[in-house]
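Please look over the model shown here before reading the report on its fold, its chain contact and its unusual backbone geometry.

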Amino acid sequence: MTSRKTVLVLGGSSDIGRATARAFAKAGYDVALAGRDVAVLEPDAADLRARYNVEVGIHQFDVLDTASFDGFVGALPALPDVVISIVGLLGAQESAQEDLAHATTIMRSNYEGPSLILGLFAEKFLARGNGTIVGVSSVAGDRGRASNYVYGSAKAGFSAFLSGLRARASRGGVHVVTVKPGFVRTKMTEGMKLIGPLTVEAPVVGDAILQAVEKKTDIVYVSGKWRLVMLIIKTLPEAIFKKLKF
Amino acid sequence: MTLVSGWGRFPVVDTDLRRPRSLAAVGEAIAGLAGAVARGNGRAYGDAAIGAARTVAMTGFDRVRSFDPATGRIRLEAGLLLSDLIDTFGPRGFLPFVVPGTQFVSIGGAIAADVHGKNHHCEGGFGRYVDSILLRTGQGEVIEASREQNSDAFFATVGGMGLTGVILEATMRLRPVETGWIRERVISASDLDAAMRALEASDSATYSVAWIDCAARGRDLGRSLIYLGEHARADELAGGAGAFPAGRNPALAVPVDLPSMTLNRYSIRAFNELYCRMGARRSGGNHVVSLYPYFFPLDSIADWNRIYGRRGFLQHQCVIPEQGARDVLGDILGRVARRGDASFLAVLKKLGQGDGILSFPLPGYTLALDFPVKGDILKFLDEIDRLVVAAGGRLYLAKDARQSRATFEAGYPALSRFNAIRKSLDPAGNIRSKLSQRLFDEV
């Protein structure tokens, strides 16, 4: 079945990664799952094969090991049609304020690594003349907030990278999607206080990403409510915003 | 700590809720603390899926391990929901053999409650199609239990309300189907006798269930609509219909808890009148309907449990042995009609033999009623229980939040055998739920 499209999911063992892989496999894509620990990916690969009768490959990928990126891309059996980066690290804002190593890891996991690997794929896609790149960023990148600006600033950088890449790549037949999920009930957010009406389950994000790829959407707020919430947050004057604690 | 309740939202219990993602984490959640139980999607109505101290949420385990399209055999993780199974394998021509009234139950929960569907009278319960279960026992062993191997553990786990250990995975058989549509026939019955006769006469129908208008009294008592169903073949579909209907998100949702006065004898009677007239219009010939509204009519209203208000509701589901069922059911329905605060609808159906040691079904009729939690409802239900026990019947543990030990023990004569097996799998008593504290455990 070589005529089928292939999607590569970076961060395939995360809840959003698993849900996204399922959405694409259900739509008939063959899947490549990439993550730090391939043993963890194996049960998810078996799940996709059993459910949707598609081809699933697994690949070792560490977003912090940027030196390995060229080799990673070169070792793939084929250049995928769609590449999706779901990699990210929420970290802990309070420790990141004092612990530079932790802050660095947050910045590199959310900005440096995802941007570099997607940039690399963009060059290959542009050379081929087609392809779709999806970066899962965050509403936290829309404006730095007191409670999570280390993470937020890294996501802001990633969003800016995707925005610029989109403008350049669109002329070469390559589409770039920026996804801002808002609150999602996942392993990453477990224990956090999430606001019910603004919170979605991971499969909703997976379906939204598939839809954005097929409809060539540029920027996706998974829940439309977040577009409004962030519009308000973005337009608050700094004098007021700096007094807010959230 | 987290406030947790069953689908009936009564009782609400503060529990240490864990969401393990690995076998090791399941072990940690259970070991060294007397009183944890696994929880699936929280659709048991009462206190079955709330741990005595800790509750182990299993919905993170939702993978298919393997599937053989030649035989329909499937190996699944226990937290996978039936809705997922149907949406994924329905379009490939396979459905579960048994589905309960909601698709939003986990596989583990369906096994633990040995749930039944509209086909129990001829095809048995969920457990009948489970070939083996991967169980983490209370003492920490991980065993494969089937009819051949560890069979005591198998038959205690099917219908065992999660008290033998944590169900991790299961191998089961799926039903090959040509379509995801049901050929439905609706029969209108003017009273209880007519309803029971119609169910009796439809023994050979694959699916059958009666929806009783609880507000009907006097000579209308037991007025109902009987829904019969068969899997539709591809050549029975209207032109243009796909072989599998689109799965649907809930079309409606109940966004807030309604004030409990929303449901009163007048609103209920008006609703039932309307429902019966609409159904009567459909009665007679055959119609082809999507499996979703046929099997899961209430799933189309998300969070429908909120219509009973903040204090929640109780579902009373009993089964009465066939002999003498007519009189007892008539007595119960009469009392309910006089009270006037029962649910929109009561569900009546025939059951066959159960498979697990504590499985709810026995050959006879099962009646399910919903009541808002208020007033003297607990006392009223105790009276109903006395009628059930006197008739040799029992209550469904998956729905129960309030029956007494005496009622439970009278209804489940195989309890001592179950307890002995449970003890051998969990000598220290690590697995305990609020339900087991109420009905099983030594105090």
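The report below goes from chain B as a whole to one of its sheets and then to single residues.

This is a predicted model, in which local features need pLDDT of at least 70 and side-chain atom pairs count only at pLDDT 80 or more, whereas totals for chains, interfaces and linings use all residues. Residues are numbered from 1 along each chain as its sequence is written, while chains are lettered from A and ligands numbered from 1 in the order in which they are written.

Chain B contains 13 helices and 20 strands, these being DSSP runs numbered from the N terminus (H or I, at least four residues, for helices; E, at least two, for strands). Its radius of gyration, taken over C-alpha atoms, is 21 Å, which agrees with the value near 22 Å for a compact globule of 443 residues, the rule being 2.2 Å times the number of residues to the power 0.38. Of these 443 residues, 53% count as buried, a term that requires 20 or more other C-beta atoms within 10 Å of the residue's own, with 12 or fewer for exposed and partly exposed in between, the C-beta atoms being placed from the backbone.

Eight residues of chain B are in contact with eight residues of chain A, contact meaning that C-beta atoms, placed from the backbone, lie within 7 Å. On the chain B side, strand β5 (residues 64-68) gives the largest share, four residues.

Four strands of chain B form an open sheet of mixed pairing in the order β1-β2-β4-β3, where two strands pair if DSSP finds at least two bridges between them. Because β1 (2-5) and β3 (36-39) of chain B each have a single partner strand, these edge strands are left with one side without a neighbour in the sheet. β1(B) and β2(B) (residues 12-18) run antiparallel over four bridges, and B:T2 has B:T15 in β2(B) as its bridge partner.

The loop between β1 and β2 of chain B holds B:P11, and the peptide bond from B:F10 to B:P11 is cis, with omega near -5°. Most residues other than glycine have a negative phi, and most peptide bonds are trans. Two residues other than glycine with a positive phi are listed here.

| Residue | Phi | C-beta atoms within 10 Å |
|---|---|---|
| A:K216 | near 55° | 11, exposed |
| B:R9 | about 60° | 21, buried |

A:K216 is placed in the loop between α7 (202-215) and β9 (219-221) of chain A, whereas B:R9 is found in the loop between β1 and β2 of chain B.

Note on methods. Two residues are in contact if their C-beta atoms, placed from the backbone, lie within 7 Å.
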